[in-house]
Amino acid sequence: MISKQPTGERLLLEELPDRWRGLREAGPVRYDETQGVWQVLDHETVAAVLADPATYSSDMSALAPTQSDFETFRQGNFVGMDPPEHRKLRTLVSQAFTPRVVQGLGPRIEAVCARLLDAVADRDRFDLVDALAYPLPIIVIAELLGIPAEEHRLFQEWASVLFGGDQLGEAPDMADLERALEAIAPTVREMNGYMLDHIRARRADPGDDLTSRLIAAEVDGVRLADQEMVGFVALLLVAGHITTTALLGNAVVTFDRHPGTNAALRAEPARIPAAVEEVLRWLPPFPELGRRVTRPVVLGGHEIAPDSLLMAHLGVANRDPARFAAPDVFDVTRHPNPHLTFGHGIHFCFGAPLARLEARIALRMLHERFRMLAIPSYEDIAYQNPAVIIGVRHLPVEVRRP
């Protein structure tokens with residue numbers, strides 16, 4: 001589903017926070033009759049839920065529709081695991097995907113940004129998503145994994161299918177999810193097969209890439225099995241890149257809707273990291289995280305039974321007035337900014353440092369390259385399905401150079 005917003009109406013990216021504000025007014029915990037799920041909405045309770053995997057499990061297999069291709073993918077996808085399996089995989093992966101590895105990518109991210117922006121150097125208008133926000137994180141992650149450059153386009157195609165949400169409405173039920181899983185299963189199968197072949201090739205001929213380091217990672221004599229690596233590599237490649245794509249698009253739209261922001265950041269680039277954090281608070285790409293309740297609990301005065309589906313709403317929690325001063329004001333100087341967009345506890349987003357680094361570098365280079373960057377027509381923005389991810393699918397911009 002692609003949304004288009006006519007000029008003069010509220011933008012989808014502005015309507016969503018209004019909806020979240022309405023949820024907040026209903027109290028910290030509510031039951032959504034339409035979807036049959038509990039929603040947790042205040043910052044304190046969302047953080048507590050995310051920090052308690054024993055009570056609020058990330059393993060949703062008992063509640064979600066089953067599909068064989070996704071079961072294969074789940075073996076290495078530690079986002080959907082609880083301890084001790086989660087701890088084992090995350091520890092192994094952490095040996096290869098270290099903070100030093102991420103920080104070392106800075107010069108390469110700058111080089112990729114420069115090449116992508118050089119490609120539109122003769123144009124006063126271009127689609128920012130097509131030109132920069134989509135290809136940048138794909139290229140960076142694929143290179144990191146040792147995947148040939150000519151095959152990078154595959155990952156954009158896979159992500160388009162997996163996160164397009166074309167089979168879903170804005171409030172999907174289980175029947176919708178079953179249909180969506182069946183529709184995208186061939187893509188998951190193709191992706192799994194490709195990744196498994198790549199891992200086996202690296203096992204036979206190791207290099208200096210992340211895939212080879214994952215193969216070599218060992219904790220207490222335990223190593224990652226090939227299928228476990230498939231799940232993690234696919235997660236990093238697909239979910240990792242789409243988060244940065246959404247963050248960049250959301251930043252450009254939000255800055256444009258708040259006059260003076262681009263000029264201020266262009267004048268003081270050191271403020272860009274704080275601006276990125278405010279965009280993350282303002283428009284979390286994945287505004288809800290699902291959890292399965294494992295035992296009877298009482299939240300916000302409500303008794304919640306075991307095996308209930310609970311949604312921790314990051315979008316609402318990020319605007320909790322008990323935690324944020326003037327939460328409904330976009331403030332690029334906000335400090336501190338304890339948003340929950342990357343999660344909390346053992347499942348804090350593994351790719352957060354890379355997404356932040358890519359966004360900071362890309363925004364700085366956009367401001368260096370262009371003395372003006374604006375959205376000429378909001379009618380031409382195409383949005384992702386907000387039931388899947390908050391972001392733009394197409395973002396035509398107009399630029400002027402120094």
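**Salt bridges across a predicted fold**

Let's start with one pair: R200 and D226 form a salt bridge, with their closest N and O atoms 4.0 Å apart. R200 sits in helix α10 (residues 174–204) and D226 in helix α12, so this contact links distant parts of the chain, 26 residues apart. The two partners have their own surroundings: R200 is partly exposed at 46% relative accessible area, while D226 counts as buried at 19%. Keep in mind that this is a predicted model.

Helix α12 (residues 226–257) turns up again in another pair, where its E228 links to K88 of helix α4 (residues 85–96), 140 residues apart. Here the closest N and O atoms are 2.9 Å apart. K88 is partly exposed, at 34% relative accessibility, and E228 is buried, at 14%.

Next, look at E143 and R108, whose side chains meet in a salt bridge at 2.6 Å, N to O. E143 belongs to helix α8 (residues 135–145) and R108 to helix α6 (residues 106–118), so the pair ties together parts 35 residues apart in sequence. E143 is partly exposed at 29%, and R108 is partly exposed at 34%.

Then there's a network of salt bridges linking D18, R21, R24, R319 and D328. A search of the whole structure finds 23 salt bridges.

Now zoom out. The chain has 16 helices and 13 strands. Its radius of gyration is 21 Å, close to the 21 Å from the globule rule for 402 residues, so the chain is as compact as a globular protein of that length. Buried residues make up 55% of the 402.

Technical notes: Residues are numbered from 1 along each chain as its sequence is written. This is a predicted model: local features need pLDDT of at least 70, side-chain atom pairs count only at pLDDT 80 or more; totals for chains, interfaces and linings use all residues. Side-chain values use heavy atoms; hydrogens and water are left out. Helices (H or I, at least four residues) and strands (E, at least two) are DSSP runs, numbered from the N terminus. The radius of gyration is taken over C-alpha atoms; the globule rule is 2.2 Å times the number of residues to the power 0.38. Buried means under 20% relative accessible area, exposed over 50%, partly exposed in between (1.4 Å probe, protein chains only).
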